[in-house]
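Subject: Structure for your files

Hello,

The structure is pasted below, and my notes on the strands, the helix and the core follow it.

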Amino acid sequence: MTNVVDIFTDGACRGNPGPGGWGALLRYNGKEKKLNGYTKKTTNNRMEMMAVIEALSALNRPCNIRLSSDSRYVIDGITKWINGWKKNNWKNSSKKEVKNSDLWKKLDLLTEKHNIEWVWVKGHAGHIENELVDQLANEAIDKYHK
């Protein structure tokens, strides 16, 4: 892909559920934008998803994207499971409602206008950008959780 926006995302949660944060780094043409946010009571998976949703929402035109995440849940969900969920009216293989379907629906809409390469990276393994977005997610919790 040429003219690629590199996006790195991570979510964090203290307790599951508990206070959570998400972080994202967007990089294009030598410029970087850091984003993060907080939710009072949430889960780690929701924060992983929110990081991706907020990063994609920050783009104002269709892009070629290389999106790196340490969340198998997000990457497998969007690349392997989502088409079956949609076909089955947002039910999983056990005929139960898909967890976090509200966020999956948002993510699905956001991905439609972009060309995205999904890249899994091992978390907490010294990957510089993954460590940075983990820090951003935790900073959001530290800043807002009282």
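β1 (4-13) and β2 (18-28) form a hairpin with four residues between them, and G15 in the turn has a positive phi of about 95°. This is a predicted model, where local features need pLDDT of at least 70 and side-chain atom pairs count only at pLDDT 80 or more, while totals for chains, interfaces and linings use all residues. Residues are numbered from 1 along each chain as its sequence is written, and side-chain values use heavy atoms, without hydrogens and water. Strands (E, at least two residues) and helices (H or I, at least four) are DSSP runs, numbered from the N terminus.

β1 and β2 run antiparallel and are joined by eight bridges; strands count as paired if DSSP finds at least two bridges between them. T9 has A24 in β2 as its bridge partner.

β2 also pairs with β3 (residues 31-42), antiparallel, through 10 bridges. G23 stands opposite N36 in β3. This second hairpin has two residues between its strands, and N29 takes a positive phi near 50°.

Nine of the 11 residues of β2 are buried, so β2 is largely enclosed by the rest of the structure. Buried means under 20% relative accessible area, exposed over 50%, and partly exposed in between (1.4 Å probe, protein chains only).

The largest nonpolar core (buried Ala, Val, Leu, Ile, Met, Phe, Trp, Tyr and Cys residues joined through side-chain atoms within 4.5 Å) has 32 residues. Those with the most contacts inside it include I7, L56, W104 and W118. α1 gives the most to this core, with eight residues. Among the buried residues of α1 are M47, V52 and L56.

Regards
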